[in-house]
Amino acid sequence: MKSVLFCFLAVGLTSSQLLFTPGSEYVYTYSGKILSGIPQVDSVFSGMSITGQVIVQSTAQNTFKLAMKDVGFSTFNDKLVGSEPLNWRNVITPATTPLTAMYKQHMESPVEFMLVKGEVSMVKISSEEPQWSVNFKKALVASLKIQLPAQGITPFWTVMEQGLEGKCENTYQVSELPEYLIHEYEQGMIKPELCQGKKYYQVMKARDITKCLERSIFLSSKTHSKCLLGNCDGTNTKSSITRYFGCGETFETIQLHGMINEGELQQNVLAFNTEPVVTGTKQILKLVATKPITSVISDIVAPKTLTDILYEFPKPMSSQIKSNEEQKEYYQLSTMDPSNQVFLPEGSLESISKTDIKAKIIEKLTTVATQLAEVEHFGKKEIPSHVLCVDTTAYHVLCVDT
């Protein structure tokens, strides 16, 4: 019976928009976090969290507008607590505070995008946004889509799908949820009052970055090499799973009520057996309201059009670059220029303020002198090694430029 249902849906899904209805507006609460730590040693994590609202407007059959508002932000480097068993996924992060004006402008700048059968064919953003903001919004767009198979819907399917890391293999699984589980299973992910007489669905998407047609990141590790050769047993230390929750009369008409995206990376930073460093990312969307389009989303300032959602590296580049292919070509050409062979984290020497550098040198030397004088026992002196390294680098920059 299920196979008949999915075959029937395959015809309708090609001409209707999954998750969002044209002419409708969806308001979601958003919470996201990224944190790193060594859980096997202690529950100390460092990272950041973001909260706010996400507004999605389906302006036409395949075109959308997206904007964030009331964005909050927090950073942390502390011991965190949470429900047992303790895991980075359930630790409680510090409350967020409103962004400053400059960051608020970047984060709340709107984005427009076009989907065709779940594939992103166009993204329009402001050319004034920094790369970190562009990448964040690309990741958000990537989490708001389900890519359908070319040969028709089944309860399971696998497709090569674009994301920040590249065009990689994604495996989908569709499950119909019984009504009695809605109030217990992932609380708040579905609004039952909007689902009267409808069926409840969960769609799970598992992403495998060891199987990609193209990449925007460079991976180099012994375990990853084994995966490329087909031997991934116990070595795949990066995972990404997204779960979508919604309801509809059939899967064809499902509307997105909630989304949970979790990514995890485990790595041994030393060449021998040690506790792994774990980095986790988590994004949660929960539907607040759905209605006809009423909110006014501002126009995009100095818009530029991109043709993919692959990661953009934060390096000064021409605003004319629109795709990952153009970005790769840019870097290949830049390697032929000898002036680009030096990596300067601070930017070009011409843009560095010598007055600021001198002030920082004096400040750090004062800190070193104070710490040396306050504690007589040398072993108890707390002088970060990077202070001296930074000072040496700063002196070198001044000497080179004078």
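Student: How many helices and strands does the secondary structure of the chain come to?

Tutor: In this predicted model, the chain has seven helices and 13 strands. Of its 402 residues, 39% count as buried.

Student: What makes the pair Lys 291 and Glu 25 a salt bridge?

Tutor: Let's set the value against the cut-off. A side-chain nitrogen of Lys or Arg has to be within 4 Å of a carboxyl oxygen of Asp or Glu. The closest N and O atoms of Lys 291 and Glu 25 are 3.9 Å apart, so the pair meets the 4 Å limit and is called a salt bridge. Lys 291 belongs to strand β12 (residues 277-292) and Glu 25 to strand β1 (residues 24-37), so this bridge ties together parts that are 266 residues apart in sequence.

Student: Why is Glu 25 called buried?

Tutor: Buried means under 20% relative accessible area. Glu 25 has 0%, so it is buried.

Student: And what is Lys 291 called, buried, exposed or partly exposed?

Tutor: Exposed would need over 50%, and buried under 20%. Lys 291 has a relative accessible area of 35%, so it is partly exposed.

Student: How do you know that Arg 89 and Glu 264 meet in a salt bridge?

Tutor: Try the same test, friend. Their N to O distance is 3.5 Å, and the definition asks for within 4 Å, so the name fits. Arg 89 sits in the loop between β3 (63-79) and β4 (97-98), while Glu 264 is in strand β11 (residues 255-267), so the pair ties together parts that are 175 residues apart in sequence.

Student: Why does Glu 264 count as buried, and what is Arg 89?

Tutor: The relative accessibility of Glu 264 is 14%, which is under the 20% cut-off, so buried is the right word. Arg 89, with 26%, is partly exposed, because that class is what lies between 20% and 50%.

Student: Which other salt bridge involves strand β11 and strand β12?

Tutor: Glu 262 and Lys 282 meet in a salt bridge, 3.5 Å from N to O. Glu 262 is in strand β11 and Lys 282 in strand β12, 20 residues apart, and the pair links distant parts of the chain. Both residues are buried.

Student: What makes Arg 89, Glu 262, Glu 264 and Lys 282 one network?

Tutor: Salt bridges that share partners join these four residues, Arg 89, Glu 262, Glu 264 and Lys 282. In total, the structure holds 13 salt bridges.

Key:
Residues numbered from 1 in each chain as written. Predicted model: local features only at pLDDT ≥ 70, side-chain atom pairs only at ≥ 80, totals over all residues. Heavy atoms only, no water. Helix = DSSP H or I, 4+ residues; strand = E, 2+ residues; numbered from the N terminus. Buried < 20%, exposed > 50% of the residue type's maximum accessible area, 1.4 Å probe, protein only.
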